[in-house]
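Thanks for coming. I will keep this short and stay with what can be read from the coordinates.

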Amino acid sequence: MEFKTIIEPFKIKSVEPLAITTPEQRKEYLEREHWNLFGLQSQEVTIDLLTDSGTGAMSAEQWAAIMRGDEAYAGSHSWQRFNKVLTELTGYKHIIPTHQGRASEKILATITVKEGDIIPSNSHFDTTRANFEAALATPVDLLCKEGLDLLTPAPFKGNIDLEKLEALLNSDDIDKIPFVLMTITNNTGGGQPVSMENLKAVKALCEKYNKMFLLDACRFSENAWFVSQREDSYKDIEIREIAKEAFRLADGCTISLKKDGFGNIGGVLAFNDDALAEAAKNVLILTEGFPTYGGLTGRDLDALAQGLIEITDRNYLEYRARSISYLAEKALEYGIPIVQPAGGHALYIDAKTFLPHIPPHQYPGHSLACEIYLIGGVRAVELGTLAFGVAGEDGKDDTPATHELVRLAAPRRSYTQSHFDYVAEVLEKLVEKKDTLKGYEITYQPKLLRHFTAKLKPKT
Ligand SMILES: *Cc1c(COP(=O)(O)O)cnc(C)c1O
């Protein structure tokens, strides 16, 4: 029988109180932090949509796994369970645990990337980009043209532009390319999925030009869910089988298990190639730990092994995708421009279109994120000129980022339908206030990653 209501496919065993604050308090907290949302204490935030990374709720089985954790330094039971689940899921010969995604990226960059290299991708995530740049290589984003158009829906806006990829592989630069990296789903581009057809075409190109093919598979399960919903030939295939097939198209992967690992910490680096795996393990021992724990406790490995089983559950994925598409429907109903269709882990508001009266160098996304907090204690994050723009020298305006987005990311299994209804109500009130919102100016900023610690004040 079909029901309209898609329920949370879990009940609650352990609860945490939410902070309920007044508008006056919220203004006081933000003023105290010089209008930087990263400065807020978590007990000052009612619904925290800052990130979906490491913020999910573990299941009773995962907590039970925590108790089973075996803390043997080498060859622990927990490692064996982790290794078995990931070997079955990915099919890769060598599974290397790390403490989080960027540690996998750092090791990957250390062993495969040299000065002057070029690394093509659909879109590099910020830490991935930063790790390749730190190795003096050039990461290039070759997102398909549908992906570049924020407001027009298309099923697979995370796909890579295959013509551009082949042009690069077929150029004099071919010897500078150590591998092709596909990010599933594309976090930077709005959590948009990549089709299996696109992944297969990338594999074919990599075979033709003899290049390694790697996945940044942080959201492999959300990607598989969208494939099952949008790619005809995958309609009747189990989500886990789709995910398995995607991994098997590539030669290895990096994953932050703080996303689709259902973990609060953890990462993995995996390869088929023996020599690469050996090189990776040598770096791992220097920086993370012995190859059977790699910066994680036995109990973390055990909880992740269980999380990696639960994450491909169809009912969970349906609830998750529906929570976000529900928010997206409400936003559109209220006339808020958003990245369409809704992504797998977050709602992205296009602040440039929504607040045309605030120029990029006065941070329209930041203004919006502050107002969302002031209205209802909901914390979102600016992904625009404050985060990615280049500070202007000597009082000149900043060089703006390509987009001015505000991301409301949903932690996994942490919030219920009434929480999303509340967030929708905050968005509705936001629309009433939009013309009164003001730009911001920076009063202090560090040289790197300024959005985390910058001090700001509203324009008068
Ligand atoms: C989060 C993320 C990373 C980095 O992982 P951390 O665990 O935060 O270090 C890399 N790539 C993508 C696509 C991500 O979303």
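I will go through a pocket, a cavity, some ring contacts and one glycine.

Before that, one caution: this is a predicted model. Every value I quote is computed from it.

Let me begin with open space. The second largest pocket holds about 1400 Å³. Its lining is made of 40 residues, and those closest to the centre are Ser14, Glu16, Ala57, Arg413 and Ser414. Where does the second largest pocket lie with respect to domain 1 and domain 2? Domain 1 covers 23-52 + 314-458 and domain 2 covers 60-310; both give residues to the lining, so the pocket lies between them. Among the elements involved, strand β1 (47-48) and helix α2 (60-68) each put at least two residues into that lining. As for chemistry, the lining of the second largest pocket counts 19 nonpolar, 13 polar and 8 charged residues.

Now to enclosed space. Rolling a probe the size of a water molecule over the atoms shows where empty space is left. In this structure there are 3 cavities of 30 Å³ or more. The largest cavity has a volume of about 80 Å³. Which residues line the largest cavity? They are Asn36, Leu37, Phe38, Leu50, His366, Ala369, Ala380, Val381, Glu382, Leu386 and His451. Helix α15 (364-376) and strand β11 (381-383) each contribute at least two residues to this lining. By class, the lining of the largest cavity splits into 7 nonpolar, 3 polar and 1 charged.

Next, the rings. Searching the whole structure gives 11 aromatic pairs. One of them joins Phe10 to Tyr319, with 5.3 Å from centre to centre and 85° between the planes, an edge-to-face arrangement. This pair links distant parts of the chain: Phe10 belongs to the segment before α1 (23-32), Tyr319 belongs to helix α13 (residues 314-333), and 309 residues separate them. Are the two partners buried or exposed? Phe10, at 26% relative accessibility, counts as partly exposed, while Tyr319 is buried at 6%.

A second pair is Trp79 with Phe82. Their ring centres are 6.2 Å apart and their planes meet at 40°, so this pair is tilted. Here the partners are 3 residues apart in helix α3 (residues 77-90), which means about one helical turn lies between Trp79 and Phe82. Both of these residues are buried.

Going back to Phe10 and Tyr319, ring pairs also bring in Phe262 and Tyr316, and these four make a cluster.

Two rings also have a lysine over them. Lys434 lies over the face of Phe354, 5.3 Å from the ring centre. In the other case, the charged end of Lys455 sits over the ring of Tyr444, at 5.8 Å from its centre.

Last, the glycine. Gly266 is found in the loop that runs between β7 (252-256) and β8 (267-271). What is the relative accessible area of Gly266? The value is 0%, so Gly266 is buried; the limit for that class is under 20%. Phe290 is 24 residues from Gly266 along the chain, and their C-alpha atoms are 15 Å apart.

To recap the two spaces: the second largest pocket lies between domain 1 and domain 2, and the largest cavity takes up about 80 Å³. That is the end of my part.

Terms used. Residues are numbered from 1 along each chain as its sequence is written. This is a predicted model: local features need pLDDT of at least 70, side-chain atom pairs count only at pLDDT 80 or more; totals for chains, interfaces and linings use all residues. Side-chain values use heavy atoms; hydrogens and water are left out. On a 1 Å grid over the protein atoms alone, a cavity is a set of points where a 1.4 Å probe fits but cannot get out, and a pocket is an open set with protein on both sides within 12 Å along at least five of seven lines; lining residues have an atom within 4 Å of a point. Grid points are joined across faces, edges and corners, and a volume is the space filled by probe spheres set on the points. Helices (H or I, at least four residues) and strands (E, at least two) are DSSP runs, numbered from the N terminus. Ala, Val, Leu, Ile, Met, Phe, Trp, Tyr, Cys and Pro count as nonpolar, Asp, Glu, Lys and Arg as charged, and the others, Gly among them, as polar. Domain bounds come from an automatic or database domain assignment. Rings of Phe, Tyr and Trp (its six-membered ring) pair if their centres lie within 6.5 Å; planes under 30 degrees apart count as stacked, over 60 as edge-to-face and the rest as tilted. Buried means under 20% relative accessible area, exposed over 50%, partly exposed in between (1.4 Å probe, protein chains only). A charge sits over a ring if NZ of Lys or CZ of Arg is within 6 Å of the ring centre and within 35 degrees of the ring normal.
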